[in-house]
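Me: Could you take a close look at one part of this complex for me, and then show me how the rest is put together around it? I'd like numbers I can check against the coordinates.
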Amino acid sequence: MLSTETIFSIPVLAVGGAAAVHATAYIHGEARRHLPRFWCFFVLTLASMAAVVLADGKLPFLLAWEAMGLASAGLVAFESKEKSVRKATWIYLLACHAGACALMLAGVLMNRPDAAVAAFACAVVGFGLKIGFPPFHAWLPEAHPAAPAPASAIMSGAMIPLGFYGFIRFFSVFCMEPSNAVVYGWTFLALGAIGSVGGILFALPQANLKRLLAFSSVENMGVVSMGLGLSALIAGKDAKNPLAALCMAGALAHVLNHAFLKGSLFLAAGSVLRQTGTLDQDRLGGLMRRMPFTGTLFAVNAFGLAGLPPLNGFLGELAIYIGAFSAIKTGDPVLVAAGFLVAVSLSVTGGLAIAAYAKAIGGTFLGEPRSKMADDAVETPRRMWVAQLFLTCLSVAMVPRTVLFVHSMTGGFATGILIVAAVLGMSFAAITVSLLLIRRFACPRGGEKPRLPVWDCGYDRPTARMAYTAMAFTQPLVDLFRPLLRTRRHVLPFKGDPASPSDAAIATETDDLALGGLWRPVFTKIARLFQRVHLLQNGSLHLYILIILMAVLALLVFAFVS
Amino acid sequence: MLTLSEIVLALFLIADLALAGASRLKYAIRFVAIQGRMVGVLPVLLWNWEGNGCPGARIWIIAVVNSLVKGVALPMLLEYAVRKARTRRELEPIVSFQMSRFIVFLMAVGGFAIGRLLHVHETIASELAIPVAFTTMGTGLLLICARKKAITQVLGFLVLENGISLFGAGILLEYGIVVELGILLDVFALVFILGIAIFQINRTFASTDTDQLNHLGDTHLMHPHHKHDHVHD
Amino acid sequence: MNILCIILAAILAPLFIGIVNQTKAFFGGRRGPGLFRLYADIRKLLGKSCPRPEHSTWIFDIAQSASLAAVAAAVIVFPWTGGGGLASLVPAALFFYLLAAGRFFTVIGSLDAGNAFEGMGASREVQFSALAELVVFVILGFLVFLAGDISLSGVLSGISPGEWRANVIPLVLVFLAFLAVFLLENCRVPFDDPETHLELTMIHEAMLLDVGGPDLAFALYGAALKFELLAAFLVMMFMPCFGNGWLHVLALFSGIALLSVATGIIESVMARMRFLKSPQTIMGAALVAALAVLIFVCF
């Protein structure tokens, strides 16, 4: 059985290593001048992440945590010439510091036995700001697209889940008195359900590939959180129930799976950016033929992250599914409700994830190139896709490893089911191969594969501009959830004579609900409040003297009274 | 668990969902009519046949009157009003149909919770009755609040009344029936008046959108298509 | 015996599509293409060459094989003989995830062709399947609660007449909700009309516009298998248990045949609903299923 420290340090080292290899080629051209700065922050980030895992006691942990935030902010700010990057860095720094503040408070409160729940609430804010619990996820979709791809990979794959490490380490979600288990469990469940469904929902309409991936991180952390919450609830009823261990194992396995898959996807997004200069999926397309290695690895990883068998992303989720359905089976009202919540949220997440990742693959790599940049793209230097390949291999290796891991954590409970699931996944792959062989060798003309023009309703000259765009692909689903997503449309309508109309255009934009709906108004209010305080510091000496006098007076009164 | 009355109650719940999602006025009226007929027969169905023998004439009269008034007369009146007023046949939702249905579902969850809390098991006719009654009342309120057309307000009142009589029938109130007849009279009068009023309003203003009727607040009469004119005159 | 049943199911699958079409022909007053039309179609297609769009990649090449393979894997784990065997180890969730994996390949395969119509079909497919997934998992939760077992064979262990009498309301509601999923997933009326080949309203067929030859045969056969599989799921969910013998198999397949006839009748008497209405209807089905759970759990 792996210790928690091991589980959380594997992503740091694996994704960190792969990202480093990728970064040697990712940063090219003019940007190489700033290479020392990049490596400095990169190494500092990795070191502080390792320190977070290895920290012995609360104070070193907090120090390492703060260092991790600062160092990674340096990474986010790498391309600081761009205004959007500077803005994203500010948001990220703010999130880091607010989180650290909340964590210090939690650390103080934790020592008092009567303030356990208050400490937990502070930790939900503090760690939640790193994990991306809604509504604290607002920095993710801003910082990830701004940061260089290798940095996004380590931040999304390895750094975000460290929040869960903090929870497991300091709040032992696993074994505690039953009364707190209910609070902890439902908090995790509710945040996880909202995070997973909301995260993938907001990933759907995003045109920017890295923004899509960032929202999908929110989703995956939601899945992990639901697993942990369910585990806490079950353990609260009966600490020896193997189901609790099963959910826990599923959640932890998903941390590893997500790290490898998402790390690789972010690296692929970086490769696309480097080769084409854009991440807008509506302007990409057709890259699979131009960048076959990057594209193939992206497709494999996206398939895994959509949670489909036979890849590893599925097995972790399956363990949580088994936990949820077994919770329903028990008939205990609380567990039934929790089980239904988890099962339904996971299924909605799964269905929407298929749409989101099909969009990511289809929009970026398949079909026809929709712009000259995509048309001119060539394959990356070898080490870039080798870094991806490394992580993909780890993902594949995680298939049996997940089964073993769950087996060791639960002491054999549900092992048979997971083995059958893994084998079934393999047989799915095997049947695919045999069907391909049948098509090739058993069919009389299966070897002939003539290339024919695409059928376009009898139209003679189909062009790439007529193909479905990534935005159009998700438009029905986005429309369905319009009240929530609040997607804005910018339409440039046709003008003039209908026979020779002018150019028309449509663009959509979906802002994060938490950022626009909660944080921006809140911070505007705070800023206004401080403007009022500003009156006290208006440069007039008289006012200052008055303030000092008042203070002295107040102190005198205080001294006399007490 | 299975009795005829419970099947009717379950159908009632489905009718609530359907009402919340109905986009055509015609269908909405039809669902209300079905609900009205079901509410009419419920007192007979919920009657304890083994214990009390054949129900007396009072119950039968109530059943017949209820189903005739709520299930036939009022819906016909409404359909007549719609035809006469020539309003658009689509309902204009303030809260989307999808959301309305989801709200009704949440109300059902709440209704079941309330049903659990109200431990009136001695007098209760069916365990489903109270949750369904609350859900129906909620649906009525939803229709009143979340649709623009004046006629849906009438529908909402009818549904609300259905819920109230369901509640009365469900917990077998001794005098419930008398009270209910009173309410029925109220609603009848209301529907009648509103039906005529809508017709008249429509003739005067060519619209029954309650948003526009809001501007009737001050004493000016104004044409709905120039709703900001009255500021100047 | 299980293997025999799997082979039987694999052989019979196209027949049920034939039954649907014959029923429709009967109601339309036509002679119809015959029960075994699909067999002939598949045989003919297997003998043809395998055309590809101009700029497609390996994804297009493997898409149809992979999606058929996913359905085939689901057929293998399905408890055709009722209870026991592999199906008692397979969680019901896995079954639907296999079907989802197959769908994923069809979708990205169609996106690979770079065809506007296929993109449209794929877009609709992911929309509807995401909603259908929600209904399915609410129903699965219901079945797990009812049966007290999370495995596929446990969930499908059937409902005895006594249970039917006791819980008829939630059971009927769940039946209706799953019927909606069944019709939607197989692209039948009222959600989609298989008759309107290549028209813009098509969901599933629109994704196959550029597929031909053996690949098309795979796709058609996969669709037939999926029809049979979901029909079998629906039948086994609600029919009383007939033990583990041939009697069960007989009952199951006659149930599927009946459901095929019923599908044909539905298609003959109903019109396809307005396309924008479909998501609302399927969301309504989800609510109905949730209502059933609520009624069932609260009593």
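Let's start with helix α1 of chain B: which residues does it span, how many residues does it have, and how far does it reach from its first C-alpha to its last?

Reply: Happy to! Please keep in mind that this is a predicted model, with an ipTM of 0.95 and a pTM of 0.90.

Helix α1 of chain B runs over residues 4-21, which makes 18 residues. From its first C-alpha to its last the helix reaches 26 Å, close to the 26 Å expected at 1.5 Å a residue. Of those 18 residues in α1(B), 13 are buried, so the helix is largely enclosed by the rest of the structure.

The chain around this helix is built from helices: chain B has 9 of them and 0 strands. Its pattern along the sequence is accordingly α-α-α-α-α-α-α-α-α. Of the 233 residues in chain B, 42% are buried. If you take the contacts in chain B between residues at least 6 apart in sequence, 73% of them join residues at least 24 apart.

For another helix to set beside α1(B), try chain C, where the mean pLDDT is 89 and 97% of the residues reach 70 or more. Helix α11 of chain C (residues 277-297) has 21 residues and spans 30 Å between its end C-alpha atoms, close to the 30 Å expected. Here too the helix is mostly covered, with 15 of the 21 residues of α11(C) buried.

Chain C also meets chain A. In that interface, 69 residues of chain A are in contact with 66 residues of chain C. On the chain A side, the elements giving two or more residues are α12 (287-290), α13 (292-305), α14 (312-330), α15 (333-365), α18 (415-442), β1 (451-452) and α19 (470-480). The largest share comes from α15(A), with 15 residues. By class, the chain A side divides into 48 nonpolar, 12 polar and 9 charged residues. Strands take part in linking the two chains as well: β1(A) is joined by 2 bridges to strand β1 of chain C (residues 52-53), and the two run parallel. Within that pairing, Arg451(A) stands opposite Arg52(C).

One of the contributing helices, α18(A), deserves a longer look. This helix has 28 residues and reaches 38 Å from its first C-alpha to its last, close to the expected 40 Å. Its buried residues are Ile417(A), Leu418(A), Val420(A), Ala421(A), Ala422(A), Leu424(A), Gly425(A), Phe428(A), Thr432(A), Leu435(A) and Arg439(A). When you read such a list, recall that an α-helix has 3.6 residues a turn, so residues three or four places apart point the same way. The cover over the buried residues of α18(A) comes from both chains, including α14 and α17 (382-410) of chain A and α3 (58-77), α4 (92-112) and α9 (213-238) of chain C.

A single residue brings chains A and C together in much the same spirit. Leu366(A) sits in the loop between α15 and α16 (372-375) of chain A. Leu366(A) counts as buried because 30 other C-beta atoms lie within 10 Å, where the cut-off is 20 or more. Beyond its neighbours within four places in sequence, Leu366(A) is in contact with Gly285(A), Met288(A) and Ile361(A), and across the interface with Ile59(C), Ile108(C), Leu111(C) and Asp112(C).

Further along chain A there is a contrast in burial. Strands β2 (488-492) and β3 (505-509) of chain A run antiparallel and are joined by 5 bridges. In this pair, Arg488(A) stands opposite Glu509(A), and Val491(A) has Ile506(A) as its bridge partner. Both strands are hardly covered, with 0 of the 5 residues buried in β2(A) and 0 of the 5 in β3(A).

Finally, chain A is divided into domain 1 (4-430) and domain 2 (513-561). Their C-alpha centres lie 41 Å apart, and 4 residues of domain 1 are in contact with 4 residues of domain 2. The domain 1 side of that meeting has 3 nonpolar residues, 1 polar residue and no charged ones.

Definitions and conventions
Residues are numbered from 1 along each chain as its sequence is written. Chains are lettered from A and ligands numbered from 1 in the order in which they are written. This is a predicted model: local features need pLDDT of at least 70, side-chain atom pairs count only at pLDDT 80 or more; totals for chains, interfaces and linings use all residues. A residue is buried if 20 or more other C-beta atoms lie within 10 Å of its own, exposed if 12 or fewer, and partly exposed in between; C-beta atoms are placed from the backbone. Helices (H or I, at least four residues) and strands (E, at least two) are DSSP runs, numbered from the N terminus. Two strands pair if DSSP finds at least two bridges between them. Domain bounds come from an automatic or database domain assignment. Two residues are in contact if their C-beta atoms, placed from the backbone, lie within 7 Å. Ala, Val, Leu, Ile, Met, Phe, Trp, Tyr, Cys and Pro count as nonpolar, Asp, Glu, Lys and Arg as charged, and the others, Gly among them, as polar. The expected span of a helix is 1.5 Å times one less than its number of residues. pLDDT is the predictor's confidence in each residue, from 0 to 100.
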